Amino acid sequence: MSRPTRRCHQRPGTAHLGADDRDIYFYVLPEMLLKVVKGITAGTGKISLKTNRIGQGTAFPEIEIPIALDDVEKAVQIFNALGFEETMHRAFNQRRNFRYRDVEIAVKWSEAWGHHAEFEVLVESEATEAAAATERIQRVADELGVRLMTEQELKEFTRAFEEAQAAK
């Protein structure tokens, strides 16, 4: 008996960084996004605060605190006890990570977003590096034939998602 196989073309210079599935608790705050992340594949946990929201600029300042995998549920309990439970939604993210031309590319699936990709460049200083990082991401997206969502599209998608969550 034989099994069909699928081969995918990988561009030279592409690093496949592997699977990175996550169970994420999102706390959607008025001007920020707080997350508790259970790294299923990596066996890690973290608390992350993005100090702006999707659709409010291309740079997302982020503060992260690694936590033990066993502490993920406790962190969720703490944030819920602090009154954030009404703002929380939970999502499973299936993802595969790649690096191409110094751009991190996460190919993802989630119930809210469906299949999508996130292009990211980490910068130390938003003020001096964000514009160059944005240009690098756009060049890579263009080379790969990927159309990036506009800020307006991101804002509208996020608003529609939050309205649907609130109606539940």
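In the predicted model, Arg99 forms a salt bridge with Glu104, and the closest nitrogen and oxygen atoms of this pair lie 2.9 Å apart. Arg99 is partly exposed, at a relative accessibility of 35%, and Glu104 is likewise classed as partly exposed, with a relative accessible area of 28%. A further salt bridge joins the side chains of Glu143 and Arg101, with an N to O distance of 2.9 Å. Because Glu143 belongs to helix H2 (residues 126-144) whereas Arg101 sits in the loop between E6 and strand E7 (103-110), this contact ties together parts of the chain that are 42 residues apart in sequence. Glu143 is partly exposed, with a relative accessibility of 32%.

A salt bridge is also found between the side chains of Arg95 and Asp20, at 3.4 Å from N to O. This pair connects distant parts of the chain, since Arg95 is located in strand E6 (residues 88-100) and Asp20 in the loop between strand E1 (14-19) and strand E2 (22-28), a separation of 75 residues. Both partners fall under the 20% cut-off for burial: Arg95 is buried with a relative accessible area of 9%, and Asp20 is buried at 12%. Through shared partners, salt bridges join Asp20, Arg22 and Arg95 into one network. The count for the model comes to ten salt bridges.

The strands that carry several of these residues were examined next. E6 and E7 run antiparallel and are joined by seven bridges, one of which pairs Tyr100 with Val103 in E7. The two strands form a hairpin with two residues between them, and Arg101, in the turn, has a positive phi of about 50°. Arg101 is thus both a residue of this turn and the salt-bridge partner of Glu143. E7 also pairs with strand E8 (residues 114-120), again in the antiparallel sense and over seven bridges, and here Ala106 has Glu118 in E8 as its bridge partner. Three residues lie between E7 and E8 in the hairpin that they form.

On the surface, Ile40, Phe92 and Trp109 make up a nonpolar patch, and together these residues have about 260 Å² of accessible area. Ile40 is placed in the loop between strand E3 (33-39) and strand E4 (44-50), and its relative accessibility of 44% puts this residue in the partly exposed class.

Helix H2, which contributes Glu143 to the salt bridge with Arg101, comprises 19 residues and spans 25 Å from its first C-alpha to its last, a value close to the 27 Å expected at 1.5 Å a residue. Its buried residues are Ala130, Ala133, Ile137, Val140 and Ala141. When the helix is viewed down its axis, these buried residues fall within an arc of 100°, and they therefore line one face of H2. In an α-helix there are 3.6 residues a turn, so residues three or four places apart point the same way. On the other side of H2, the exposed residues are Thr128, Ala131, Arg139 and Asp142.

Note on methods
Residues are numbered from 1 along each chain as its sequence is written. This is a predicted model: local features need pLDDT of at least 70, side-chain atom pairs count only at pLDDT 80 or more; totals for chains, interfaces and linings use all residues. Side-chain values use heavy atoms; hydrogens and water are left out. A salt bridge is a side-chain nitrogen of Lys or Arg within 4 Å of a carboxyl oxygen of Asp or Glu. Helices (H or I, at least four residues) and strands (E, at least two) are DSSP runs, numbered from the N terminus. Buried means under 20% relative accessible area, exposed over 50%, partly exposed in between (1.4 Å probe, protein chains only). Two strands pair if DSSP finds at least two bridges between them. Patches are made of residues with over 30% relative accessible area and no salt bridge: like charges are joined within 9 Å, nonpolar side chains (Val, Leu, Ile, Met, Phe, Trp, Tyr) within 5 Å. Accessible areas come from the Shrake-Rupley method with a 1.4 Å probe; for residues, only the protein chains shown count as cover. The expected span of a helix is 1.5 Å times one less than its number of residues. The arc is that of the directions from the helix axis to the C-beta atoms.
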